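Student: I would like to take a close look at a single part of this protein, the metal site, and then see how the parts around it in the chain are put together. Could you walk me through it carefully?

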Amino acid sequence: MTNLPAVSHLAIVAGGKGTRLGRFAEGLPKALVKIGGKPVLQHQLELAAAASVSGVTIFAGYWGGAIASFVGDGSRFGLSVEVRVEPEPLGTAGAVLQSLDVLPDNFFLVYGDVMLSVDLTDLAAYHLAREADFTAFAHPNDHPYDSDLLEVNRDGRVVALHPAPHHPDCYFGNVVNAALYVVRRDALRPLAAAAGKRDFVKDVMVGLVGQGSCVVAYRSTEYLKDMGTPERLQDVELDWWQGKIYPERLQTHRAIFLDRDGTLNVDRGHLRDPEQLELLPGVGPALRSFRQAGYRLVLLTNQPVIARGEATEADVELVHRRLEWELGKDGVYLDGIYVCPHHPDAGFPGERTDLKIVCDCRKPATGLVDRACRDLQIDRISSWMVGDHPRDIEMARRSGLRSVLLGRGRVGQQGQREADLIADDLSAAAEIILKHRETGAK
Ligand SMILES: [Zn+2]
């Protein structure tokens, strides 16, 4: 007998009228809009069936008839599917809250207008291992300013929610709540009493965090995009044809590894105050051009200020939230931020003795790159390190990356000989790398 996974049920919220899709939806619910020739709903059902989900409840709202006639009883997908129709619109969460008794102890929940390629088995394992009440799939995106953002502590607990839209000066980072959840049913019961329209973010998640439930973020770079507007629908369709909607563990990615101070932002010595962060000119567009060429973007930074006791991990994280926020205004995001908090020279007042060690991650050591390559499925041979310091170049050499040293002005700087290329700034580096790639491809 095989062991069934403990989360084997999926709830799909597909009640939205799809007005914003206009002619693209051709009178269909968003869940039945086709991507790569197949309705999104079918993609979702196939993904679920492959992850050993056996039962599905579709909250179909306005679209009960169309969805029921497409999906039937689900047997052709190897699933048992029930389509439920609420008599009046109840928002994204109202129908689910009214129907807790038809749902099992733990279940996945996804919106019907979301295209995804996420390993649901891993997601469920995380939820169960954390004994969470509610696990939210979260990722960075290129429009954080109009996305619902999560504030997550170092433990992965969601401590606050910030529903969109946001004031440009409120930097909440770029941990976007993405409409895929694992839910412990009984955690929702206290919220089920109130009748009427309810929203999953503003009512359920805010309510759960408010009542002290264990809400955790599952941060992942796996593919998940909503297709709620005609532009996003076109993006998703393009992604499909470019093979981007594909299981993460079967892919490898090329990456640009980036130093921080002097590469992305103005070098102010030991930057501790987010207000002091200032992006260098042209950084946003340069990163966007890398992204368009299919590179992942990964920040690698030495922060000995933490070991020296001059800043806490939280201070550094706040600087990075501001950085992600400013990049978000330029329509780009980082796939990962890797920080070395260590420093080898002990014996100063106020220092953190636990971090005053010779570590394997302070550049030019390769620990940060090694971790990023594992976490983000990065292929070193097609990846680059870009930085303004000789230790960035030395780290690239040790870890098998090609490198660009920024700052042509510093003639005779150590590292110039070792760097594969030298460029004035990140824009120039992007131009050279992308040109090399084009000519190399011919
Ligand atoms: Zn370190």
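Tutor: What follows begins with the metal site and then moves on to other parts of the chain. Please keep in mind that this is a predicted model, with a mean pLDDT of 90 for the protein chain and 93% of its residues at 70 or more. Among the elements of the chain, strand β14 (residues 254-258) has the highest mean pLDDT, 98, and helix α13 (residues 426-441) the lowest, 83.

The zinc ion is held by four side-chain atoms, namely SG of C340, ND1 of H342, SG of C359 and SG of C361, at distances of 2.0 to 2.3 Å. The arrangement is tetrahedral because the angles between the 4 donor atoms run from 101 to 116 degrees, and a set of four donors counts as tetrahedral when all angles lie between 85 and 135 degrees. For comparison, the ideal angle for four tetrahedral donors is 109.5 degrees. Along the sequence the donor residues follow the spacing C-x1-H-x16-C-x1-C, and the pair C340 and C361, 21 residues apart, links distant parts of the chain, with C340 in strand β16 (residues 336-340) and C361 in the loop between β16 and α11 (367-376). Both of these cysteines are covered: C340 counts as buried because its relative accessibility is 0%, and C361 is buried as well, with a relative accessible area of 6%.

The loop between β16 and α11 also holds P364, and the peptide bond that joins K363 to P364 is cis, with omega about 15 degrees. A second cis bond runs from A164 to P165, with omega near 0 degrees, and P165 lies in the loop between β10 (158-162) and β11 (176-184). Both deserve a glance, since most peptide bonds are trans and most residues other than glycine have a negative phi.

On that second point, S52 has a positive phi of about 70 degrees although it is not a glycine; S52 sits in the loop between α1 and β4 (55-59) and counts as partly exposed because its relative accessibility is 38%. E131 likewise has a positive phi, of about 50 degrees, without being a glycine; E131 is placed in the loop between α4 (120-129) and β8, and its relative accessibility of 67% makes it exposed.

Turning to the strands, β17 (residues 384-387) is buried on both sides, with W384 and V386 pointing one way and M385 and G387 the other. Strand β17 runs parallel to β14, to which 3 bridges join it, and it also runs parallel to strand β18 (residues 402-406), through 4 bridges. M385 takes part in both pairings, as the bridge partner of F257 and as the residue opposite S403 in β18. Elsewhere, strand β8 (residues 134-139) and β12 pair in the parallel sense over 5 bridges, with R219 of β12 as the bridge partner of A138, and 4 of the 5 residues of β12 (residues 215-219) are buried.

Lastly, the aromatic side chains: the count comes to 8 aromatic pairs, and ring pairs link Y111, F134, Y181 and F200 into a cluster. Two arginines lie over ring faces, R76 over F70 at 4.8 Å from the ring centre and R254 over Y295 at 5.4 Å.

Notes
Residues are numbered from 1 along each chain as its sequence is written. This is a predicted model: local features need pLDDT of at least 70, side-chain atom pairs count only at pLDDT 80 or more; totals for chains, interfaces and linings use all residues. Side-chain values use heavy atoms; hydrogens and water are left out. Donors are N, O and S atoms within 2.8 Å of the metal (3.2 Å for Na, K and Ca); water is not among the atoms, so sites may look incomplete. Four donors count as tetrahedral if all angles lie between 85 and 135 degrees; four count as square planar and six as octahedral if opposite donors are over 155 degrees apart and all others between 65 and 115; anything else is irregular. Helices (H or I, at least four residues) and strands (E, at least two) are DSSP runs, numbered from the N terminus. Buried means under 20% relative accessible area, exposed over 50%, partly exposed in between (1.4 Å probe, protein chains only). pLDDT is the predictor's confidence in each residue, from 0 to 100. Rings of Phe, Tyr and Trp (its six-membered ring) pair if their centres lie within 6.5 Å; planes under 30 degrees apart count as stacked, over 60 as edge-to-face and the rest as tilted. A charge sits over a ring if NZ of Lys or CZ of Arg is within 6 Å of the ring centre and within 35 degrees of the ring normal. Two strands pair if DSSP finds at least two bridges between them.
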